[in-house]
Amino acid sequence: MKKGLLVLFTLFVSMAVCFADEDKICIPDKICTLTVTPINGNLSYTVVTYSSIKLNSNADYFFGVVEIQSEKEPKYIYDVPIYAIKIDKQLEGDVQRLFISKIKFKDEQTITITDGENHIFELNINTFEVKCINTKNNLFKFVYPGEKYECISGNVNKLYEKKLKETVTRNKEYKYTGTQPEVKKLTKPDDVIKVAEQALFQIYGKDNIRDEQPYRISKYKNKWIVQGSFQKENLGGVFEIIINAETSQIESVIHGE
């Protein structure tokens, strides 16, 4: 394996195959990036970034998150929550945070992720399914005294989705009245982007939309949310489009000013 340089707090590792046979050590509070060249060409995601710094707006939970990034145009980023820590407001928040410590490719489609307490998870980068390998659940609480993490009941995805509910609710009034795409299920971000761009290009123009890359993709229940990224050199806001994952029908479109 050919190792890269530590530049701007980001560690890059380049590989000639789809998986690594050694662990990648992550630096707490920093970002680890793993660049992968697919063997069979079936993988859509050739850049995977792992970040441990994700808090929801009210800081009730700390999330360990993996960002799946596209390498080719159009550029987009899709966040996948791996685990969460329920924050005890009576204790100092920094003490309770638990960071991703190691990552490695188990095979061509599975990433093994280890946190600082040696909890092990597996992420399928095609389906985005997260499996707990040596724990009962991927939701924890910090126990003091004892300074240990215990599994608690709850669904990490549902907790993470709470911050997306506001976007879906806010955009309900901006109904899409244009031509709808062919009805089909949308399971992969690449397909979601195609549907989104087809509608957005007609309304706002291809150059204007492509200038808002990388797109940010999220999923709330059965809805895909695609948002543009604000570019400092460009004036105005960014687009938001909501697409039904079961039918591919566009539910709302808006662009900030």
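**Strand 7 and the salt bridges around it**

Let me start with one pair: Lys 86 stands opposite Lys 141, which belongs to strand 12. Please keep in mind that this is a predicted model.

The pairing behind that position is between strand 7 and strand 12, residues 139-143; these two run in the parallel sense and are joined over three bridges. Strand 7 also has strand 14 as a partner, again parallel, with three bridges. There, Tyr 78 has Ile 217 in strand 14 as its bridge partner.

The next partner is strand 6. Nine bridges connect strand 6 and strand 7, and this pair is antiparallel. The two make a hairpin, with six residues between them. For a position to look at, take Val 65, whose bridge partner in strand 7 is Pro 81.

How many of the eleven residues of strand 7 are buried? Ten of them are, so the strand is mostly covered, buried here meaning under 20% relative accessible area.

Now to the salt bridges. The count for the model is ten. I will go through three of them, beginning with the two that involve Arg 216.

Arg 216 forms a salt bridge with Asp 79, with 3.1 Å from N to O. Arg 216 is in strand 14 and Asp 79 in strand 7, so this contact ties together parts that lie 137 residues apart in sequence. Salt bridges with shared partners put Glu 67, Asp 79 and Arg 216 into one network.

The other bridge in that network is between Arg 216 and Glu 67, where the closest N and O atoms are 3.5 Å apart. This pair also links distant parts of the chain: Arg 216 in strand 14 and Glu 67 in strand 6 are separated by 149 residues.

Are these side chains' residues buried or exposed? Glu 67 has 11% relative accessibility and counts as buried. Asp 79, at 14%, counts as buried too. Arg 216 has a relative accessible area of 24%, which makes this residue partly exposed.

The last salt bridge is between Lys 89 and Asp 60, at 3.0 Å from N to O. Both residues are in loops: Lys 89 between strand 7 (76-86) and helix 1 (93-96), Asp 60 between strand 5 (47-55) and strand 6 (61-69). They are 29 residues apart, and the pair links distant parts of the chain. Lys 89 is exposed, with a relative accessible area of 55%, whereas Asp 60 is partly exposed at 24%.

To recap, strand 7 pairs with strand 6, strand 14 and strand 12, and Asp 79 in strand 7 belongs to the network with Glu 67 and Arg 216.

Notes
Residues numbered from 1 in each chain as written. Predicted model: local features only at pLDDT ≥ 70, side-chain atom pairs only at ≥ 80, totals over all residues. Heavy atoms only, no water. Salt bridge = Lys/Arg side-chain N within 4 Å of Asp/Glu carboxyl O. Helix = DSSP H or I, 4+ residues; strand = E, 2+ residues; numbered from the N terminus. Buried < 20%, exposed > 50% of the residue type's maximum accessible area, 1.4 Å probe, protein only. Pairing = 2+ DSSP bridges.
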